[in-house]
Number of protein chains: 2
Amino acid sequence: MIGDASQMPEFTPRQNEVLEQALRLLVQGGDKALTTSGLARAANCSKESLYKWFGDRDGLLAAMIAHQANKVRTFERGKERLTAESLREHLEVFARDLLEVLSGDISLALNRLAVGQSGRDGSKLGKLLLEHGRRQIDRRAMALMDAGKRAGLLRFDDADAAYHTLYGLIVSDLHVRMLLGEPGLKDNARQAERAVAAFLALHGARQESGEAMRLSPGR
Amino acid sequence: MIGDASQMPEFTPRQNEVLEQALRLLVQGGDKALTTSGLARAANCSKESLYKWFGDRDGLLAAMIAHQANKVRTFERGKERLTAESLREHLEVFARDLLEVLSGDISLALNRLAVGQSGRDGSKLGKLLLEHGRRQIDRRAMALMDAGKRAGLLRFDDADAAYHTLYGLIVSDLHVRMLLGEPGLKDNARQAERAVAAFLALHGARQESGEAMRLSPGR
DNA sequence: AGGGAACCGTACCGTACGGTACCTTTAGGA
DNA sequence: TCCTAAAGGTACCGTACGGTACGGTTCCCT
C-alpha cells in the first residue's frame, strides 16, 4: 500500500468497491453471472451509475482488468549479490509465484472472460490482460535472468527465448488445463523445483546441475 | 448401426454436414454467432431437427467436439529402428504437428468455447475436449518417448513428467496467447527445433546435444 | 438554509436467444 | 399408388439481457 504514482486509470473507492463485487460475481458464476442488473443489485448501486462510470459492458470488463492489475503489484527484488544457490532460490520463488498467480480464482476468471471474448472484439480484452497482467511478472523474470547472466551464472544468447523456455518448463499446459476446468496442481513447489532444475541444466553455467534431473530428489 | 467396435457417436452424413456448418459459424464469429436459428439457416435445416438430433445446445457443442475429433485421426508411426537422428526428426515432426494443431482455427475456436463454458457446467466440455483432442497426440508422444528410452536414446524416470517437459518446451505460453487472440508464430519449425534441442539436452543419452542451445544454429 | 450534483432504486424498452409446436414437403417401402 | 417416417420452414413463447429514463434521496459546497 504505497503511494505509487504510475499510470493510473485510478478509480474512486466506491468504484473499486463495485469492481470488487464484479470480480466476485465473475469468479462465482462466469461471465453469464456478470450482468449489469446483477452487479447493480450485488453492489447496491444503480445501473445508471455503472454506465456513467464505465461506458458500457466492455468498459466495465476493461475496468475490472485494470483494477485487478492495480492490486497485483509485484515487489522489485533487492540487489543482493547473486550466487548459484541464491539464483536457484530466486528462480524457484518466481516459479512458485507464477504458478500461484495463474491458478488464482480471479486470474482464471479474467482469463476465461478474455478468451471467450477474443473472437469477436478483435481481442481487445486479451491484449489488455496480457499487457497489464503479464508485464509485471515478465519484468521480474527478465531482471532475474539478466542479473544471472551478468553474474556469470546463466548462459544464453536470447534472453526472451530463454525466458520462454523457463516459462514453458514451469507452466507446461497447466494454464490451459486449468482454464478448461481441471483442478490445479497438488504441489506447486515440486513443479517449481523441477522446472528450475531443468532450466539450470539448460542455461546454467555449471554443468553439475545437469544431473539433477535424473536424481529428481524429493523435497 | 453395424458392428463397428470403436466407440464413436458416428453421425449421419447429413448431421456431419450440419456439424461442419456449426464449426464454420463458431470459427467465424465465436459462440455468440453459433445460435440455433443461425445454424438452421446456414445449414438449411430446421431447428426442430437440431433438437431432435442433439438434444439441446450443449449436446450440439459436444457433438461438434466429437465430430472434430473423428476428423483428426493421427497416424500410428511405423516401427522403424530408432537412431539418434531419426528420434530427433520424429520429435521435431511431432513438435511441428502439435504447434500446427494448436494454432488451427477450429482447435482455437473449440478451446475458446470450452474455456468460456468451463465456469458454469462443471467443465463438461473441457473434459471432453481434453479427452478427445488430447488422447491421440498424447499417445503418439508417449509411444515415441518410450521407443526412445527403449533404444537407449532417452533417459528419464517418469515418462509423464518428461512428456510434460517436452510439451512445455514446445508450446510455452503460445497456446494461451493464441486463445487470447494473439497471432501465432511466424515460424513453427524454428520453435520445434529449439524445443527438441532443449529436450534432448535434458533427456538425451548423448551429452553433445547440450551444446546445441548455445550455438543456436540457424536452419 | 438553499441549491445542485451525484447516486440509488426501479420501471421500462427493444432485441435476441433457446426451445416448442404445427404444418408442409420429400422419399422409400409395400 | 398409397402410406408412413423423416426432415424442412416458420411462426410463436417465455425469458433475460443491455441500455435508458425518471423520480426520490443523500450529501457537499457556498
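Ile106(B) sits in helix 6 (residues 105-117) of chain B. In this predicted model, Ile106(B) has 17 C-beta neighbours inside 10 Å and so counts as partly exposed. Its C-alpha atom lies 6.0 Å from that of Val27(B), although 79 residues separate the two in sequence. Beyond residues up to four places away in sequence, Ile106(B) touches Leu23(B), Val27(B) and Gln68(B).

**Fold of chain A**

- Chain A contains 11 helices and zero strands.
- Along the sequence, the pattern reads α-α-α-α-α-α-α-α-α-α-α.
- Chain A has 219 residues, and 38% of them are buried.
- Among contacts in chain A with a separation of 6 or more, 65% link residues 24 or more positions apart.

**Nonpolar cores**

- The largest nonpolar core holds 57 residues.
- Within this core, Ala22(A) and Ala22(B) touch the most other members.
- Neighbours within four places in sequence aside, Ala22(B) is in contact with Leu34(B), Leu39(B), Leu60(B) and Met64(B).
- Another core, of 54 residues, lies apart from the largest one. Its members include Leu200(A), Leu202(A), Leu98(B) and Leu153(B).

**Symmetry of the two chains**

- A turn of 180 degrees, with a shift of 0.0 Å along the axis, lays chain A on chain B with an RMSD of 0.0 Å.
- That relation is a two-fold axis.
- Gly168(A) comes closest to the rotation axis of the residues of chain A, with its C-alpha at 2.1 Å.
- Of the interface residues of chain A, 97% are also interface residues in chain B, so the copies meet through the same surface.

**Interface between chains A and B**

- The contact involves 38 residues of chain A and 37 residues of chain B.
- On chain A, the elements that each supply at least two residues to the side touching chain B are helix 1 (13-33), helix 6 (105-117), helix 7 (124-150), helix 8 (159-171), helix 9 (174-179), helix 10 (188-203) and helix 11 (212-215).
- Helix 8 of chain A gives the most to this side, with six residues.
- By class, the side of chain A that touches chain B has 15 nonpolar, 14 polar and nine charged residues.

**Helix 8 of chain B**

- Helix 8 (residues 159-171) of chain B has 13 residues, which should span 18 Å at 1.5 Å a residue. Its end C-alpha atoms are 18 Å apart, which agrees.
- Its buried residues are Ala162(B), Thr165(B), Leu166(B), Tyr167(B), Gly168(B), Leu169(B), Ile170(B) and Val171(B).
- Across the interface, these buried residues pack against helix 8 and helix 10 of chain A.
- Within chain B, they pack against helix 5 (84-102), helix 7 (124-150), helix 9 (174-179) and helix 10.
- Ser172(B), just after helix 8 of chain B, takes a positive phi of about 50 degrees.

**Arg190(B)**

- Arg190(B) belongs to helix 10 (residues 188-203) of chain B.
- With 12 other C-beta atoms within 10 Å, Arg190(B) is exposed.
- Arg190(B) and Arg96(B) are 94 residues apart along the chain, and their C-alpha atoms are separated by 9.1 Å.

**Surface near DNA strand C**

- DNA strand C is surrounded by 17 residues. The closest are Cys45(A), Ser46(A), Ser49(A), Thr35(B) and Arg57(B).
- Two or more residues come from each of helix 3 of chain A and helix 2 (36-43) and helix 3 of chain B.
- Helix 3 of chain A gives the largest share of this surface, four residues.
- The residues near strand C divide into three nonpolar, six polar and eight charged.

**Surface near DNA strand D**

- DNA strand D is surrounded by 17 residues. The closest are Thr35(A), Arg57(A), Cys45(B), Ser46(B) and Ser49(B).
- Helix 2 (36-43) and helix 3 (47-54) of chain A, and helix 3 (47-54) of chain B, each supply at least two residues.
- The residues near strand D divide into three nonpolar, seven polar and seven charged.

Note on methods:
Residues numbered from 1 in each chain as written. Chains lettered and ligands numbered in written order. Predicted model: local features only at pLDDT ≥ 70, side-chain atom pairs only at ≥ 80, totals over all residues. Near = placed C-beta within 6 Å. Nonpolar A, V, L, I, M, F, W, Y, C, P; charged D, E, K, R; others polar. Contact = placed C-beta atoms within 7 Å. Least-squares fit on C-alpha atoms with pLDDT ≥ 70 in both. Buried ≥ 20, exposed ≤ 12 C-beta atoms within 10 Å, placed from the backbone. Expected span 1.5 Å × (residues − 1). Core = buried A, V, L, I, M, F, W, Y, C linked by C-beta atoms within 7 Å.
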